[in-house]
Structure formats: structure tokens, C-alpha cells
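Here are a few short exercises to work through with the structure in view. Try each task before you read its solution.

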Amino acid sequence: MRFRHDLFLRCARGGCPDCGAAGQLKGLATIPDRCTACGMVLRRREGFFLGAMVWNYGLTAFGLLQGTRGDTAFLVELVRRMAARRN
Ligand SMILES: [Zn+2]
């Protein structure tokens with residue numbers, strides 16, 4: 001997977017990541033439910049990121065435990081293999 005500079009720039013400017021329409025941010029951290037130009041869903045439902053947070057917490061806790069034992073090579077290898085699977 002390559003980094004999409006165009007998507008990053010659209011979001012950094014406060015625009016829609018799909019169509020690039022400007023002015024989607026209503027405040028510093030407030031976004032509408034949908035893009036006013038193309039209708040893309042911008043605000044995810046509550047709990048949308050719950051699975052990702054659970055995995056992130058678990059891997060972080062596991063990594064910290066391994067790190068306290070001085071064995072981080074296993075975690076580094078695990079993350080490398082997971083990243084290679086996604087590509
Ligand atoms: Zn849009």
C-alpha cells in the first residue's frame with residue numbers, strides 16, 4: 001500500500017477525502033455527518049473504531065510486557081508480518 005498524498009492534503013485542508021470539496025470542517029474538530037458536495041459519510045457511527053482500538057490496546061500491552069522482559073524482537077517480527085500480509 002502506498003501513501004496517498006492527495007488524500008492527506010485534502011484532509012489537512014479540511015476538505016472531503018473523496019471529492020476534495022473544501023469547507024467540511026465546522027470547527028476545529030467538528031465535521032458534518034456527510035459531505036455537502038458528494039454525500040460521502042464523514043462521521044462514523046459510535047463504536048466504528050472499537051475493534052481497531054481493542055487490537056491496538058492488546059498489541060500495545062503485549063509489546064510493553066515483552067519490552068519489560070527485554071524481548072522486543074518477537075513483537076517487531078509480528079508487526080512486520082502483519083504489515084506484509086496487508087500488502
Ligand atoms: Zn465529498
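**Exercise 1.** Decide whether Gly-63 is buried, partly exposed or exposed in this predicted model.

*Solution.* Start with the count: Gly-63 has 16 C-beta neighbours inside 10 Å. Next, recall the cut-offs: buried takes 20 or more, and exposed takes 12 or fewer. The count of 16 falls in between, so Gly-63 is partly exposed.

**Exercise 2.** Find the helix that holds Gly-63, and check whether its end-to-end span agrees with the expected value.

*Solution.* Gly-63 sits in helix H2, which covers residues 50-68. At 1.5 Å a residue, the 19 residues of H2 should span 27 Å. The C-alpha atoms at its ends are 27 Å apart, so the two values agree. As for cover, H2 has hardly any: zero of its 19 residues are buried.

**Exercise 3.** How far apart in space are Gly-63 and Phe-48?

*Solution.* Along the sequence, 15 residues separate Gly-63 and Phe-48. In space, their C-alpha atoms are 24 Å apart.

**Exercise 4.** Work out why the chain counts as more spread out than a compact globule.

*Solution.* First, list the elements: the chain has three helices and zero strands, in the order α-α-α. Then compare sizes: the radius of gyration is 18 Å, well over the 12 Å from the globule rule for 87 residues, so the chain is more spread out than a compact globule. Finally, look at the parts: domain 1 (1-43) and domain 2 (50-86) have centres 30 Å apart. Of the 87 residues, 2% count as buried.

Technical notes: Residues numbered from 1 in each chain as written. Predicted model: local features only at pLDDT ≥ 70, side-chain atom pairs only at ≥ 80, totals over all residues. Domains from an automatic or database assignment. Helix = DSSP H or I, 4+ residues; strand = E, 2+ residues; numbered from the N terminus. Expected span 1.5 Å × (residues − 1). Rg over C-alpha atoms; globule rule 2.2 N^0.38 Å.
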